[in-house]
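This report sets out selected features of one protein structure. The sequence and the coordinates are shown first, and the description follows.

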Amino acid sequence: MTYQYWNQKMETLPRAELEAYQLDRLRAAVGWSLRTPFYQERLKQAGIRSEADIKTLADIRRIPFTTKHDLRNGFPYGFLSIPKEEVVRLHASSGTTGTPTTIYFSKDDISRWTSFVARSIYATGCAKTDVFQNMITYGLFTGGLGFHYGGEAVGMMVIPSGAGNTARQFKLMQDFGTTVVHATPSFLLHVEAKMREEGVSRGNLRLKRAFAGAEPYSEDTRKRIETLLAIDVYNSYGLSEMNGPGVAFECQCKNGLHLWEDGFIPEIVDPDTLEPLPDGETGELILTCLCREATPILRYRTRDLSGFYTEPCSCGRTHRRLRRITGRTDDMLIINGVNLFPSQIEEVIMSMKEVGNNYLIVVEKDGAMDRLTVKAEVNQSIFMDDTRPLNALKERIRKTLQGMITINPRVELHESGSLPVSEGKAKRVQDKRPKDV
Ligand code: DLL
């Protein structure tokens, strides 16, 4: 098999040179970070006053970890390291409560991010002759614009279709001869089911490959999508705090995701002790961003559980391969690609005086897509047989939640004392989705 490289020199750089490059970039990233009040304080406490204090790559361990909580506390500008007029874009993702984490980009940041996404797309065999339908949410979520810019850089014709509306997606695929799509794995399965339902013939489509990510899925799910749609599916990993997509991506060997180590320094640590784990073991992935000046983030606790393959990849790339993410160390839920913390739901329902003390969040599969149901007990003062005010309350909860979490939940109201009460630590989330990762 012949492999194509977007930036052959960098993608196949011998490890020693790659590490020398990382050290250089780490110093630059520490320099950028020292312009923010947060890191000035944090790094000073760790005895790091300037980038010159970083002498070897191992010095990264002197830098304290950064958490989502830190980012939220710094909202809106605590992590901004360049003058506001140099910022050209922002993206945001959910925090554990209403306050999002916001990431800012300079012009150079966007072009660096774009080149990591373009490199990832190109590694799967795409070319400028491809027609790329980006079936993922645009907006504050990074998946839309991130892939859009990367696809354009490769020279493909990009169709910014966004997520949802399968009938329209099929029409676009047929009208323009789409060859490549990007979506969450659950949406790809949904698309396939709808194709069968609506009688769309696979023979009329020119689809060859898909990029699937933004949520966990198993190797079996990948194989299922590949068989049902007769395409190649490539796993794509990223997170807003590290730009978005384009952090780690599968090449044509489809055996682990090359983590672009000239853009990010990965570490795998024991989630309890935060001590480094031996190569190949599974632990929490820690990432340092080397490629974003406007919002530098060092040693970010992703909460994602993974590890590295230790043997080299036959494609010749020297950047290590991450295994499929197997879970998280916190309670964040990913529902149809949207991140959600149970505390965000709690904040909304507990602010309503008609709601009682007990609630339950249920996540389950509805066909290929995820479905969220919020069950809440009403206050004792509410009469369950008076349906009008109950329905109004239900609708108010649904609308408020949808406004805040962008997912449209089902809301059920229950009589006071009727939902199960757990002894000890309350168990408020029932995730009934099959765990086949
Ligand atoms: O999901 C960025 C992205 C967009 C990645 C499009 C891939 C494709 P966030 O919304 O900040 O960013 O969510 C990041 O999603 O920490 C993981 O828990 C999870 N995640 C992302 N990709 C994968 C994947 C985007 N391939 C969080 N497998 C991360 C498993 C994934 N989990």
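**The open sheet**

Within this predicted model, R328 of β14 is the bridge partner of D304. Strand β12, which spans residues 300-306, pairs with β14 in the antiparallel sense, and two bridges join them. Both strands belong to an open sheet of four strands, ordered β10-β11-β12-β14 and paired in antiparallel fashion. The edges are occupied by β10 (264-269) and β14 (327-328); each has a single partner strand, so one side of each lacks a neighbour in the sheet.

Helix α2, formed by residues 15-33, lies across β10 and β11 (283-289). The direction of α2 makes an angle of about 95 degrees with that of β10.

**A pocket lined by β10 and α2**

The edge strand β10 also takes part in the lining of a pocket. The second largest pocket encloses about 410 Å³ of space. Its lining comprises 21 residues, and those closest to the centre are I265, P266, E267, I268 and R320. Two elements, α2 and β10, each give two or more residues to this lining. The most comes from β10, which supplies five residues.

**Nonpolar cores**

Which residues have the most contacts inside the largest nonpolar core? They are V30, I63, F211, Y237, M242, L287 and L322, in a core of 55 residues. Helix α5 (residues 107-123) makes the greatest contribution to this core, giving six residues.

The surroundings of V30 can be described further. Beyond its neighbours within four places in sequence, V30 is in contact with L43, I48, S50, E51, I54, I63 and L298. Another core, of 23 residues, lies apart from the largest one; I335, L390, L393 and L413 are among its members.

**Strands β18 and β19**

L413, one of the residues of that other core, is part of strand β19 (residues 410-414). The covered face of β19 carries V411 and L413, while R410, E412 and H414 are on the uncovered face.

Strand β19 runs parallel to β18 (residues 369-378), and five bridges join the two. Opposite R410 of β19 stands T373.

**The loop residue T124**

Is T124 buried or exposed? T124 is buried, because its relative accessible area is 0%, and the cut-off for burial is under 20%. This residue lies in the loop between α5 and β3 (131-134).

With residues up to four places away in sequence left out, T124 touches R209, F211, Y234, F249, E250 and Q252. One of these contacts, F211, is also among the residues with the most contacts inside the largest nonpolar core. T124 and T166 are 42 residues apart along the chain, and a distance of 25 Å separates their C-alpha atoms.

**Internal space**

How many cavities of 30 Å³ or more does a search of the whole structure find? The search finds one. The largest cavity has a volume of about 80 Å³. It is lined by 15 residues, of which L71, G74, P76, F79 and T102 are the closest to its centre. Strand β2 (residues 101-106) provides the largest share of the lining, with four residues.

Notes:
Residues are numbered from 1 along each chain as its sequence is written. This is a predicted model: local features need pLDDT of at least 70, side-chain atom pairs count only at pLDDT 80 or more; totals for chains, interfaces and linings use all residues. Side-chain values use heavy atoms; hydrogens and water are left out. Two strands pair if DSSP finds at least two bridges between them. Contact means heavy atoms within 4.5 Å. Axes are lines fitted to C-alpha atoms, for helices over the stretch in contact, and angles run from 0 to 180 degrees between N-to-C directions. A nonpolar core is a set of buried Ala, Val, Leu, Ile, Met, Phe, Trp, Tyr and Cys residues joined through side-chain atoms within 4.5 Å. Buried means under 20% relative accessible area, exposed over 50%, partly exposed in between (1.4 Å probe, protein chains only). On a 1 Å grid over the protein atoms alone, a cavity is a set of points where a 1.4 Å probe fits but cannot get out, and a pocket is an open set with protein on both sides within 12 Å along at least five of seven lines; lining residues have an atom within 4 Å of a point. Grid points are joined across faces, edges and corners, and a volume is the space filled by probe spheres set on the points.
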